[in-house]
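Student: I'm new here and would love a guided look. Could you show me the structure so that we can talk it through?

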Amino acid sequence: MFKLFTRQGNTKDEFYAICAGESFPLEEVADPVFSTKMMGDGIAVKPSDDTIYSPCEGEIILFPDTKHAIGIRTQRGTEILVHIGLDTVNFHGQGFQKLFPDQRVQTGQPLIRLDRGILNKADLTSLLIITRPRSPRIAYTAYGSVRPGNLWLQLED
């Protein structure tokens, strides 16, 4: 969907904003599992819309029944976790509509639609966590207002 944002021949792992919203450092997340980077480094966003998009091209390697998280392996082998909301595992899949038809996803492809009527009391802070980096160093992050298709995080080669 956002192919115009994907640079041809790129050798860096690039990840694009998973939704519109306000992006901020992982250390500011209200959950110590994420803010202390126990699961890995990354970036967070307070969503202002109801659709979560794929931050990269890759293969879905994790999608639990609770639908609150999606694991993706990039073509270069980096593994990421898109985690939607804090403690949203407790909704047991309610409030999350799966939008992707198969295991291969493209950058900018819609993944999940949120039902704010059901999730109205949830903290929807969402995260992109680098769980298995090909390169351990983050070279770029975009904080502040972001939209799907904006370069959000980049790993150094």
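Tutor: Happily! Let's start with a contact between two side chains: E79 and R132 meet in a salt bridge, 3.7 Å from N to O. A salt bridge here is a side-chain nitrogen of Lys or Arg within 4 Å of a carboxyl oxygen of Asp or Glu. Before going on, note that this is a predicted model, in which local features need pLDDT of at least 70, side-chain atom pairs count only at pLDDT 80 or more, and totals for chains, interfaces and linings use all residues. Residues are numbered from 1 along each chain as its sequence is written, and side-chain values use heavy atoms, with hydrogens and water left out.

Student: How many residues apart in sequence are the parts that E79 and R132 tie together?

Tutor: E79 lies in strand β7, and R132 in strand β11 (residues 123–132). Strands are DSSP runs of E with at least two residues, helices are runs of H or I with at least four, and both are numbered from the N terminus. Because the two partners sit in these two strands, their pair links parts of the chain whose separation in sequence is 53 residues.

Student: Is E79 buried or exposed?

Tutor: We judge this by relative accessible area: buried means under 20%, exposed over 50%, and partly exposed in between, using a 1.4 Å probe and protein chains only. R132 has 52% and counts as exposed. E79 has a relative accessible area of 12%, so E79 is buried.

Student: Which residues are linked with E79 in a network of salt bridges?

Tutor: One further contact of E79 is with R73, where the closest N and O atoms are 3.1 Å apart. R73 is partly exposed, at 31% relative accessibility. The network that includes E79 links it with E59, R73 and R132.

Student: How many salt bridges does a search of the whole structure find?

Tutor: There are others beyond that network's contacts, including one between E156 and R137, with the closest N and O atoms 3.0 Å apart. E156 lies in the segment after β14 (151–155) and R137 in the loop between β11 and β12 (138–141), so this pair ties together parts that are 19 residues apart in sequence. Over the whole structure, the search gives a total of eight.

Student: Which are the edge strands of the open sheet?

Tutor: Two strands pair if DSSP finds at least two bridges between them. The sheet has eight strands in the order β9-β5-β6-β7-β11-β3-β2-β13, with antiparallel pairing. Each edge strand pairs on one side only, and the two are β9 (104–105) and β13 (144–146).

Student: Which residue in β9 is the bridge partner of G58?

Tutor: Strand β5 covers residues 58–62, and β5 pairs with β9 in the antiparallel sense over two bridges. Across to β9, G58 has as its partner V105.

Student: How many residues of strand β2 are buried?

Tutor: On one side, five bridges join β2 to β3, the two running antiparallel; P25, for example, is partnered with I43 in β3. With β13, strand β2 pairs in the antiparallel sense over three bridges, and G21 has V146 as its partner there. Strand β2 (residues 21–25) is mostly covered, and of its five residues the number buried is four.

Student: Why is C19 not bonded to C56?

Tutor: A disulfide is a pair of cysteine sulfur atoms within 2.5 Å, and by this rule the count comes to zero. C19 is buried at 1% relative accessibility, and C56 is buried at 3%. The closest cysteine sulfur to that of C19 is in C56, and the two are too far apart for a bond because the distance is 15 Å.

Student: What is the phi of K37, a residue that is not a glycine?

Tutor: K37 is found in the loop between α1 (32–35) and β3 (41–47). At 30% relative accessibility, K37 counts as partly exposed. H92, in the loop between β7 (79–86) and β8 (96–98), is another residue other than glycine with a positive phi, near 50°. For K37, phi is positive too, at about 65°.
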